[in-house]
Amino acid sequence: MKKQDIISFFDECATHWDEELIRSDEIINKILDNGGIEKGARVLDVACGTGVLFPDYIKRGALVTAVDISPEMVKIAMSKFPEINIICGDVEE
């Protein structure tokens, strides 16, 4: 699959991404616990999308840098969380 196809797919999904989200706080907390995400932890959220995990990181006092390849996902994430450093780009580059 071409990267531009991936970008286009996620750009098209961006506006309704959050409303289709299915969350499990129990699973998210277990993942963050296992990852040692606590106050002062540094998180690199790769493929951050619209920032659905940002509130979880913030609640724990983590410092977040995020990357996503989709400009539309990044635009939404930035509008919701202007305090987080979000980069639009390809993490493989």
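The following exercises, each with a worked solution, concern a predicted model of a protein chain.

**Exercise 1. Overall fold**

Determine how many helices and strands the protein chain has, in what order they run, and how its radius of gyration compares with the globule rule.

Solution. Begin with the count: the protein chain contains four helices and three strands. Next, read the elements from the N terminus, which gives the order α-α-β-α-β-α-β. The radius of gyration is 13 Å, close to the 12 Å that the globule rule gives for 93 residues, so the protein chain is as compact as a globular protein of that length. Finally, the C-alpha trace spans about 35 × 30 × 25 Å along its principal axes.

**Exercise 2. Burial, surface and charge**

State what percentage of the residues is buried, what share of the exposed area carbon and sulfur atoms supply, and how far apart the mean positions of the positive and negative charges are.

Solution. Of the 93 residues, 32% count as buried. The exposed area of the protein chain is about 6,300 Å², and carbon and sulfur atoms supply 56% of this area. For the charges, take the mean position of the 10 positive ones and that of the 18 negative ones; these two points are 6 Å apart. As a further step, consider contacts with a separation of 6 or more: residues 24 or more positions apart account for 46% of them.

**Exercise 3. Aromatic pairs**

Classify the ring pair of Phe10 and Trp17 and that of Phe54 and Phe81, and decide for each of the four residues whether it is buried, partly exposed or exposed.

Solution. The structure holds three aromatic pairs. In one of them, the ring centres of Phe10 and Trp17 lie 5.7 Å apart and the planes meet at 65 degrees; planes over 60 degrees apart count as edge-to-face, so this pair is edge-to-face. Phe10 has 26% relative accessibility and counts as partly exposed, and Trp17, with a relative accessible area of 31%, is partly exposed as well.

For Phe54 and Phe81, the centres are 5.2 Å apart with 75 degrees between the planes, and this pair too is edge-to-face. Phe54 belongs to helix α3 (residues 54–60), while Phe81 lies in the loop between α4 (71–80) and β3 (85–88), so the pair ties together parts that are 27 residues apart in sequence. The limit for a buried residue is under 20% relative accessible area. Phe54, at 0%, counts as buried, and Phe81, at 11%, also counts as buried.

To complete the picture, Phe9 joins Phe10 and Trp17 in one aromatic cluster.

**Exercise 4. A backbone angle**

Describe the phi angle of Ala47, its location and its accessibility.

Solution. Most residues other than glycine have a negative phi. Ala47 is not a glycine, yet its phi is positive, at about 65 degrees. Its place is the loop between β1 (42–46) and α3. With 58% relative accessibility, Ala47 counts as exposed.

**Exercise 5. Residues apart in sequence**

Locate Asp25 and Ile69, and give the C-alpha separations of Asp25 from Asp56 and of Ile69 from Ile87.

Solution. Asp25 is part of helix α2 (residues 25–34) and is partly exposed at 46% relative accessibility. Asp25 and Asp56 are 31 residues apart along the chain, and their C-alpha atoms are separated by 9.2 Å.

Ile69 sits in the loop between β2 (63–68) and α4 and, at 23% relative accessibility, counts as partly exposed. The C-alpha atoms of Ile69 and Ile87 are separated by 8.4 Å, with their positions 18 residues apart along the chain. Neighbours within four places in sequence aside, Ile69 contacts Ile7, Cys88, Gly89 and Asp90.

Note on methods:
Residues numbered from 1 in each chain as written. Predicted model: local features only at pLDDT ≥ 70, side-chain atom pairs only at ≥ 80, totals over all residues. Heavy atoms only, no water. Helix = DSSP H or I, 4+ residues; strand = E, 2+ residues; numbered from the N terminus. Rg over C-alpha atoms; globule rule 2.2 N^0.38 Å. Buried < 20%, exposed > 50% of the residue type's maximum accessible area, 1.4 Å probe, protein only. Contact = heavy atoms within 4.5 Å. Areas by Shrake-Rupley, 256 points an atom, 1.4 Å probe, with all protein chains shown as cover. Lys, Arg positive; Asp, Glu negative; His and termini not counted. Charge placed at Lys NZ, Arg CZ, Asp CG, Glu CD. Phe/Tyr/Trp six-rings, centres within 6.5 Å; stacked < 30°, edge-to-face > 60°.
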